[in-house]
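Here are some notes on the model you sent. They deal with the domain arrangement and the interface.

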Amino acid sequence: MKLLRHGSPDSAKPGLQLPDGTRIDASGFGHDWNEAFFADPANLDLLKTWVETHGDSAPVLEPDARLAPAIARPSKIICIGLNFSDHAEETGATPPTEPIIFFKATSAICGPDDNLVIPRNSEKTDWEVELGVVIGKKGSYVTEAEALDHVAGYVLHNDYSERAFQIERGGQWVKGKSCDSFAPIGPFLATPDELADVNDLPMWLKVNGETMQDGNTSNLIFKIPTIVSYLSQFMTLLPGDLISTGTPAGVGLGMKPPKFLKPGDVIELGIEGLGEQRQEAVACP
Ligand code: ZN
């Protein structure tokens with residue numbers, strides 16, 4: 001199934017994308033796609049039954065309806081740094097021997113096609129197309145063999161990053177990762193059965209029509225079971241939590257000379273099977 005959310009930022013409603021691409025409102029099901037929903041694995045089966053009986057009569061979304069973030073605000077967003085060797089290389093870093101992890105504030109979450117707001121005093125706002133993993137079953141000290149039982153589904157995520165805040169201002173990367181609108185999520189969460197092979201998905205990002213990133217999830221240094229297991233040694237993963245698995249080469253920081261976003265730029269990105277996003281960069285009011 002493909003779960004989405006729609007409506008204004010203050011009152012997002014659950015919805016679904018049907019196999020023929022039609023998007024419907026799923027408010028009638030009575031759940032948002034949040035921690036409580038993902039915590040109970042029976043909910044996905046109940047939702048399947050609901051679609052069979054009510055899908056035809058549910059309101060259809062207008063083609064231009066705003067998509068909200070595909071999942072409700074989770075307890076945490078955990079990101080994996082430098083998880084593609086070509087990206088580690090372009091930033092001048094050595095590929096890590098253990099996953100590099102950092103947090104992103106959950107207030108950064110926005111809809112997949114919302115404007116990117118370039119933060120005040122930013123000169124180095126950059127893009128990162130990433131595969132997001134959404135946790136289903138709660139877990140701590142999860143083994144790699146059990147890890148995929150803890151995954152509810154996958155989403156497209158643009159891990160926007162302000163490189164000066166991230167690298168030149170001291171302290172942790174979180175400052176450069178957490179500005180409002182720095183985490184567009186969606187258009188939908190795909191349950192694992194929707195993807196033939198999550199370890200072989202082409203991923204791409206364009207700025208103003210020019211391809212910047214052209215990668216594949218097959219090149220992840222640390223694969224999804226390793227990441228889920230690893231993180232759960234240090235913290236409890238709660239249902240609905242988002243893990244962003246890292247970006248391939250082609251970020252602005254890695255270009256010679258470096259290239260960063262400015263108001264008016266249009267950013268488009270996608271992962272095969274997980275849909276596409278489009279953001280327009282605007283100045284912070
Ligand atoms: Zn990233």
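How many residues of domain 1 are in contact with domain 2, and how many of domain 2 with domain 1?

1. The contact involves 13 residues on the side of domain 1 and 16 on the side of domain 2. Please keep in mind that this is a predicted model.

2. On the bounds used: the domain assignment places residues 2–54 of the chain in domain 1 and residues 71–283 in domain 2. Between the C-alpha centres of domain 1 and domain 2 the distance is 24 Å.

3. On buried area: about 1,200 Å² is buried between domain 1 and domain 2, and carbon and sulfur atoms account for 66% of it. Within domain 1, the residues that lose the most area to domain 2 are Lys2, Glu35 and Phe38. Together these three make up 50% of what the domain 1 side buries.

4. On polar interactions: 0 salt bridges are counted between domain 1 and domain 2. Polar contact between domain 1 and domain 2 is counted for 3 residue pairs, with both residues at pLDDT 80 or more.

5. On the elements involved: β1 (2–6) and α1 (35–39) are the elements that give two or more residues to the side of domain 1 touching domain 2. The largest share of that side comes from β1, with 4 residues.

6. On composition: sorted by class, the side of domain 1 that touches domain 2 holds 6 nonpolar, 5 charged and 2 polar residues. The charged residues there should be read alongside the count of 0 salt bridges between domain 1 and domain 2.

Note on methods:
Residues numbered from 1 in each chain as written. Predicted model: local features only at pLDDT ≥ 70, side-chain atom pairs only at ≥ 80, totals over all residues. Heavy atoms only, no water. Domains from an automatic or database assignment. Contact = heavy atoms within 4.5 Å. Buried area = accessible area lost by both parts, 1.4 Å probe. Salt bridge = Lys/Arg side-chain N within 4 Å of Asp/Glu carboxyl O. Polar contact = N/O pair within 3.5 Å; in protein donor to acceptor, adjacent residues only side chain to side chain. Nonpolar A, V, L, I, M, F, W, Y, C, P; charged D, E, K, R; others polar.
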